[in-house]
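Me: Can you walk me through this model by way of a few questions? I'd like the cut-offs spelled out as we go.

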Amino acid sequence: MSTTGPLTSMQSTSTPSNATPAAAGGANEPPVMLDCQDLTRVYSEGPQDLTVLDKLELSVRAGERVAIVGSSGSGKTTLLNLLGGLDRPSDGRVVIAGEPLSNLNEAALGTFRNRYIGFVYQFHHLLAEFTAVENAALPLIIRGQSKKTAEKRAMQILERVGMKARADHKPGELSGGERQRVAIARALVTDPSLVLMDEPTGNLDQTTAATILALMDELAKESACAFVIVTHDVGLAAHQDRVLKLDAGKLVEQPRTP
Ligand SMILES: Nc1ncnc2c1ncn2[C@@H]1O[C@H](COP(=O)(O)OP(=O)(O)OP(=O)(O)O)[C@@H](O)[C@H]1O
Ligand SMILES: [Mg+2]
C-alpha cells in the first residue's frame, strides 16, 4: 500500500459538514483523502431534468471506511462515478488527495485514477477475453509494469480473496461471486489510497463476504487506505466507521445501531 504520495502533500483541513466525522479537526487526525462540496448532478437527457445529487457534502479521512446506503435510484452509483472521476458534476467539486478533479483533463484523470483510486463497479466490468489474473494485473500493466511483475502481485491479491485456484479462468467460466472477487482484487492491486466499491458483496455468501471485510480492515489499518462502500448489506454497512444515507440528493449520518 502506498504510504508516500498524496498523504505527504495533503492538507488536513476540511470544511465540517453533516457527513464529516464528528471528531474531525484535531491536530492528530489523519489527512482528508476525499472531500466533496456542493456536489450536484442533474441528468438532462430525459423530458425533465432530474436532480440526483443536490449540493452534497462528504469528507473521508485516510484509513476511514464509510458506508453509503439508500434506496434503489437514490443516486449511489451516480455519486461513486463522480468520486471516481468517471463522470463530471453539474456543479460543486471533488478533491482527492488534495487534487481537485476539475483541474485534470481526461488523460490526466486516467493517470490520477490509476495512481490513487481503486474502483469496484456494480457490474464488475471484467474483460471477457482475459483470465482472472490478467484482469487483476491490468491496472499495473497500464502503469508500465512488466506482465510478469504485475501478474505476480495480482496472484498475491487473488490469493487473499480466495481466488488463487481459479486465476487462470476467464470471467465466463467463473461464478458471479468469483467475478466479484476478481473485480475486488483488480481494485486493490495498485495499493490505492481510496477504494470506491459499488455493492462489493452483493453476490457473496457470508463466509466469503467476511473474508473480504477482513481484507478491507487490514488494508485500512496497514496502509491508511480510505473506503467508500455503497451497499444494501446491513452487516457490511454496520462494520464501517460511519454509515451515511443518500436521501433527496444529500448524505445524512445514520445513528449507530447498538
Ligand atoms: N445517464 C443517466 N441519464 C439519466 N438518468 C440517469 C442516468 N443514470 C442514472 N440516472 C437516474 O438517476 C437516478 C439515480 O441512479 P443511480 O444509478 O445513481 O441509483 P442507485 O442509487 O445506484 O440505484 P441502485 O441501488 O438501483 O443501483 C435514477 O433515477 C436513474 O434512473
Ligand atoms: Mg447503483
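Reply: Sure. A residue is near a molecule or strand if its C-beta atom, placed from the backbone, lies within 6 Å of it. This is a predicted model, so local features need pLDDT of at least 70 and side-chain atom pairs count only at pLDDT 80 or more, while totals for chains, interfaces and linings use all residues. Residues are numbered from 1 along each chain as its sequence is written, with chains lettered from A and ligands numbered from 1 in the order in which they are written.

Me: Which residues come nearest to ligand 1?

Reply: The shell around ligand 1 has 14 residues. Sorted by class, they are 3 nonpolar, 9 polar and 2 charged, where Ala, Val, Leu, Ile, Met, Phe, Trp, Tyr, Cys and Pro count as nonpolar, Asp, Glu, Lys and Arg as charged, and the others, Gly among them, as polar. The ones that come nearest are Tyr-43, Ser-72, Lys-76, Thr-77 and Thr-78.

Me: Which element gives the most residues to the shell around ligand 1?

Reply: Helices (H or I, at least four residues) and strands (E, at least two) are DSSP runs, numbered from the N terminus. Two elements give two or more residues to this shell, strand S2 (50–61) and helix H2 (76–83). The most, 3 residues, come from H2.

Me: How many of the residues of H2 are buried?

Reply: Buried means that 20 or more other C-beta atoms lie within 10 Å of a residue's own; exposed means 12 or fewer, partly exposed is in between, and C-beta atoms are placed from the backbone. In H2 the buried residues are Lys-76, Thr-78, Leu-79, Leu-80, Leu-82 and Leu-83. Just after the helix, Gly-85 takes a positive phi of about 70 degrees. So much for the surroundings; H2 is mostly covered, and the count of buried residues out of its 8 is 6.

Me: Is Glu-199 buried or exposed?

Reply: Glu-199 sits in the loop between strand S7 (194–198) and H7. Its C-alpha atom and that of Lys-76 are separated by 9.9 Å, though the two are 123 residues apart along the chain. Setting aside neighbours within four places in sequence, Glu-199 is in contact (C-beta atoms, placed from the backbone, within 7 Å) with Gln-122, Val-230, Thr-231 and His-232. Because Glu-199 has 20 C-beta neighbours inside 10 Å, it counts as buried.

Me: Why do the buried residues of H7 line one face of the helix?

Reply: The buried residues of H7 are Ala-209, Ile-212, Leu-213, Met-216, Leu-219 and Ala-220. Seen down the helix axis they line one face, because they fall within an arc (of the directions from the helix axis to the C-beta atoms) of 125 degrees.

Me: What covers that buried side, and which exposed residues does the face turned away from it carry?

Reply: The cover over the buried residues of H7 includes strand S3 (65–69), helix H6 (176–188), strand S8 (226–230) and helix H8 (234–238). On the face turned away, the exposed residues are Thr-207, Ala-214, Lys-221 and Glu-222.

Me: How far apart are the end C-alpha atoms of H7?

Reply: Helix H7 (residues 206–223) has 18 residues. The expected span is 1.5 Å times one less than the number of residues. That comes to 26 Å for H7, which agrees with its end C-alpha atoms being apart by 25 Å.

Me: Which residue just after H7 takes a positive phi?

Reply: Look in the loop between H7 and S8. The residue there is partly exposed, because it has 19 C-beta neighbours inside 10 Å. Its phi is about 60 degrees, and the residue is Ala-224.

Me: Which residues have the most contacts inside the largest nonpolar core?

Reply: A nonpolar core is a set of buried Ala, Val, Leu, Ile, Met, Phe, Trp, Tyr and Cys residues joined through C-beta atoms within 7 Å. The largest one has 72 residues. One of its best-connected members, Leu-158, is in contact with Ala-132, Val-133, Ala-136, Met-163, Lys-164, Ala-167 and Ala-185, leaving aside neighbours within four places in sequence. Those with the most contacts are Leu-34, Ile-68, Ala-136, Leu-158, Ala-185, Phe-227 and Val-228.

Me: What share of the residues in the protein chain is buried?

Reply: The chain has 8 helices and 10 strands. Among contacts between residues at least 6 apart in sequence, 72% join residues at least 24 apart. Of its 258 residues, the buried share is 42%.

Methods:
Two residues are in contact if their C-beta atoms, placed from the backbone, lie within 7 Å.
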